[in-house]
Amino acid sequence: MSIQAAAERVAAQILATDFVEVYAHHDADGIAGAAILCQAMLRAGRRFRLRVRQSIGTEDIVHPESTLLCDFGAGLADLPGTVMVVDHHVPHFEGPFHVNPRLAGIDGEWDLTASGTAYLVAQEMGDNRDLAGLALLGVFGDGQRFSGMNLEILNEGIANGFIVPGRGFALPGASVREALGTAVTPYIPGVSGNAATITRILEQAAGEEAVATDLLLSLLVLEAGEETAPSVFSRLYGGRYRLEREVIDDARTLAAVIDGCGQQGRGGLAAAVCLRSPDLVAEAEEVAAAYRARVLAAVMAAERVEETGRIYRVADAGAASGVADCLANDVRQAAPVAVVAENGACWQVSARCPPGVDLDLEALLRRLAAETGGSGGGHRSRAGARIPLDRIDEFEEGFLRGIAA
């Protein structure tokens, strides 16, 4: 089935449901995708309740015939067949109301996000082209690329005047100082969060009226530590997109704000910003900045489990995913990295492949989790797991064997 046909089927099911229970994953992609769908429902006169969560299980579904999952659910093979799923993770759910790029032969790892998939569903519910800007949030949040259907959505938004492309300093933030002070996308070893170094760089890069971008970039390259991955430098400057209909008009900054609020447990605040509540922007920016500072603190405190630096432990489970992104993407690595943190009754695992390394982490973590009595899955290059407290050593040994095979 084509993705358009699947989107049309799910849209029809949504419109046939009087009250929809919406659950969204707590990152930029999941929250933006759910906001797109909820805005479309609101315009179509349908009622809904949106809840943002870190994870979802079959046991959490009370009313399967009216439940819609966004950016998770695809990995649950035992979901009731009437549940609606809008996702881009590796599919194991076989219900009829499942729209997922991977089921249509589209690369859900790089070419279409959950928010982009939600945008396709929203277009089948009415004229919701002004929501194209929100579909960009998943591209930035999940580190995808503007190719395939992501590019089609971007071009449609530009053509309709809802997105204005440009070029510039690519770190999210209200100012260059804030962007560097809380830089985790990318993380710049030796610079991110280092107030004294940032002040010195900005003083040296100061022009007559504003910071000289070319000089700033040169200084950042010179100041970055030797362990900085080369890919960091290519992400300091690039495409910027102004969103004409959103309450935060820079797409990268909006993605960082939504992701930070979701990760801090303020999913409702993030969703409200996506639903264009201007009075909440300042609070959301503060919450997101606090999250990025939290990730930086956890990166600095991360401890290697073994000498190769493939597994790290952190004390802050809420920052583990962000730490994994920083250590895998922005620090020189030759193999996948896993970050583990104790989280209540289990160990939470976030695993990432660094740029240029191709290993199916989704399959590896799903298998290891099953062998140790936990659960796991996700993307080929980005995956997660929950492991019982007394089985973490077994999991870590299996992970090291798996990435060495």
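**Helix H11 and the salt bridges of the chain**

Helix H11 is largely enclosed by the rest of the structure, because seven of its eight residues are buried. The model described here is predicted. The buried positions of H11 are Gly 267, Leu 269, Ala 270, Ala 271, Ala 272, Val 273 and Cys 274. Among the elements that cover these residues are helix H2 (28–43), strand E2 (47–53) and helix H4 (132–141). Helices H10 and H12 also take part in this cover. Just after H11, Arg 276 adopts a positive phi of about 70°.

Arg 276 also takes part in a salt bridge, in which its side chain meets that of Glu 246 at 2.8 Å, N to O. This pair links distant parts of the chain, with the two positions 30 residues apart in sequence numbering. Glu 246 belongs to the loop between strand E7 (237–243) and helix H10 (251–263), whereas Arg 276 belongs to the loop between helix H11 (267–274) and helix H12 (281–301). With a relative accessible area of 9%, Glu 246 falls under the 20% limit and therefore counts as buried.

Two further salt bridges were examined in the model. The side chains of Asp 325 and Arg 382 meet at 3.5 Å, N to O. Here too the pair links distant parts of the chain: Asp 325 lies in helix H13 (residues 320–329) and Arg 382 in strand E13 (residues 382–388), 57 residues apart. In the other salt bridge, the side chains of Asp 360 and Arg 380 meet at 3.6 Å, N to O. Asp 360 is placed in the loop between strand E11 (346–352) and helix H14 (361–371), and Arg 380 in the loop between strand E12 (375–378) and E13, so this salt bridge ties together parts that are 20 residues apart in sequence. Both partners are partly exposed, Asp 360 at 28% relative accessibility and Arg 380 at 34%. Salt bridges with shared partners also join Arg 43, Asp 130, Glu 246 and Arg 276 into one network. In total, the structure holds 27 salt bridges.

Asp 130, a member of that network, has its C-alpha atom 8.0 Å from that of Asn 160, although the two residues are 30 residues apart along the chain. Asn 160 is located in the loop between helix H5 (148–159) and strand E6 (163–169). The relative accessible area of Asn 160 is 31%, which lies between the limits of 20% and 50%, so this residue is partly exposed.

At the level of the whole chain, the secondary structure comprises 15 helices and 13 strands. The radius of gyration is 21 Å, close to the 22 Å that the globule rule gives for 405 residues, so the chain is as compact as a globular protein of that length. The C-alpha trace spans about 60 × 55 × 35 Å along its principal axes. Of the 405 residues, 55% count as buried. Among contacts with a separation of 6 or more, 61% are accounted for by residues 24 or more positions apart. The accessible surface of the chain comes to about 16100 Å², and carbon and sulfur atoms contribute 50% of it. The chain carries 34 positive and 54 negative side chains, with the centres of the two sets 1 Å apart.

Technical notes:
Residues are numbered from 1 along each chain as its sequence is written. This is a predicted model: local features need pLDDT of at least 70, side-chain atom pairs count only at pLDDT 80 or more; totals for chains, interfaces and linings use all residues. Side-chain values use heavy atoms; hydrogens and water are left out. A salt bridge is a side-chain nitrogen of Lys or Arg within 4 Å of a carboxyl oxygen of Asp or Glu. Helices (H or I, at least four residues) and strands (E, at least two) are DSSP runs, numbered from the N terminus. Buried means under 20% relative accessible area, exposed over 50%, partly exposed in between (1.4 Å probe, protein chains only). The radius of gyration is taken over C-alpha atoms; the globule rule is 2.2 Å times the number of residues to the power 0.38. Contact means heavy atoms within 4.5 Å. Accessible areas come from the Shrake-Rupley method with a 1.4 Å probe; for residues, only the protein chains shown count as cover. Lys and Arg count as positive and Asp and Glu as negative; His and the chain ends are not counted. The place of a charge is taken as NZ of Lys, CZ of Arg, CG of Asp or CD of Glu.
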